[in-house]
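Here is a note for a colleague who is opening this structure for the first time. Please keep the sequence and the 3D view at hand while going through the points.

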Amino acid sequence: MVEDGTSLGPLELAGGRWGVGDASRPGTYWVEFRPDGLYQHEPDSGGRLIPWSRVMTGVWLTWGKHAWNTNNRGKYTLKGMVAERTGGWMHLTLRHPYEDLQLRFDQHERPYRAVDALRLEHLLRQLIDEGKLQLLGDPEWVGRAVAHLAGGKNSWLTDRALRRVAKEAVATATGH
């Protein structure tokens, strides 16, 4: 089992729950991985549950204040860190009915390595491709996958290498 504070880009374990965004500060937006789906936490709201079965394709992260700024994936520093500090968005395509959805999250105080955010995106895509997205609802499974993906060299990776490491993470965390 991993400890609170373990992270992969904006994905972090806090209070025994995995979520994208800063769940430790009150009044923040963040997306929790629950056994029944993604749960959007919002200040002054009961939140919203998106069942795993509705998530289809199109998972990607963008950085900035507005979700509609999808042409610009974000700004990065020369050292490979996410430069935007105003927040982020998880973009998804849902089925039944079909719709594009943007889930907002507030960033942590710590900076994110761009390579970790890319690895997280590829992990989500790999799970969708394999029809195993519901594994994100198992905190121990997510901990094993994050342990496989976190750390390492902070260098720009090819799409092929990112797909390969995501596939390895799924297999390792599942025990194959």
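The points below go from the strands to the helix, then to the core and finally to some backbone details.

1. The model is a predicted one, and the remarks that follow should be read with that in mind. A convenient place to begin is the pair of strands β2 (residues 11-14) and β3 (residues 17-20), which run antiparallel and are joined by four bridges. Together β2 and β3 make a hairpin with two residues between them, and Gly-15, which sits in the turn, has a positive phi of about 65°. To find the register of this pair, look at Glu-12, whose bridge partner in β3 is Gly-19.

2. Strand β3 also pairs with strand β4 (residues 30-34), again in the antiparallel sense, and here the pairing extends over two bridges. Within this pairing, Val-20 has Val-31 of β4 as its bridge partner.

3. Further along there is an open sheet of three strands, in the order β7-β8-β9, with antiparallel pairing. Its edge strands are β7 (55-63) and β9, each of which pairs on one side only, and the twist from one strand to the next averages 20°. The pairing of β8 with β9 is antiparallel over seven bridges, and Leu-94 can be found opposite Glu-99 of β9.

4. How does helix α1 relate to this sheet, and at what angle does it run to β7? The helix lies across β7 and β8, and it runs at about 175° to β7. With 16 residues, α1 reaches 23 Å from its first C-alpha to its last, which is close to the 22 Å expected at 1.5 Å a residue. Because 14 of its 16 residues are buried, α1 is largely enclosed by the rest of the structure. After the helix comes Gly-131, whose phi is positive, near 70°.

5. The largest nonpolar core has 39 residues, and those with the most contacts inside it include Phe-33, Met-90 and Trp-141. Helix α1 (residues 114-129) gives the largest share of this core, namely six residues. As general background, nonpolar side chains in soluble globular proteins tend to be buried together.

6. Leu-38 is another of the residues with the most contacts inside the core, and a list of its neighbours helps to place it. Leaving aside residues up to four places away in sequence, Leu-38 touches, among others, Val-31, Phe-33, Ile-50, Trp-52, Val-55, Met-90, Leu-92 and Leu-103. Arg-48 and Glu-32 are also among the residues that Leu-38 touches.

7. The loop between β8 (88-94) and β9 (99-105) deserves a careful look, as it holds Pro-97 and also His-96. The peptide bond from His-96 to Pro-97 is cis, with omega near -10°. His-96 has, in addition, a phi near 55°, a positive value in a residue other than glycine. Is His-96 buried or exposed? With a relative accessibility of 62%, His-96 counts as exposed.

8. A positive phi is also found at Asp-44, where the value is about 60° although the residue is not a glycine. Asp-44 lies in the loop between β5 (37-41) and β6 (48-51), and its relative accessible area of 86% makes it exposed.

Methods:
Residues numbered from 1 in each chain as written. Predicted model: local features only at pLDDT ≥ 70, side-chain atom pairs only at ≥ 80, totals over all residues. Heavy atoms only, no water. Buried < 20%, exposed > 50% of the residue type's maximum accessible area, 1.4 Å probe, protein only. Pairing = 2+ DSSP bridges. Core = buried A, V, L, I, M, F, W, Y, C linked by side-chain atoms within 4.5 Å. Contact = heavy atoms within 4.5 Å. Axes fitted to C-alpha atoms, helices over the stretch in contact; angles between N-to-C directions. Expected span 1.5 Å × (residues − 1).
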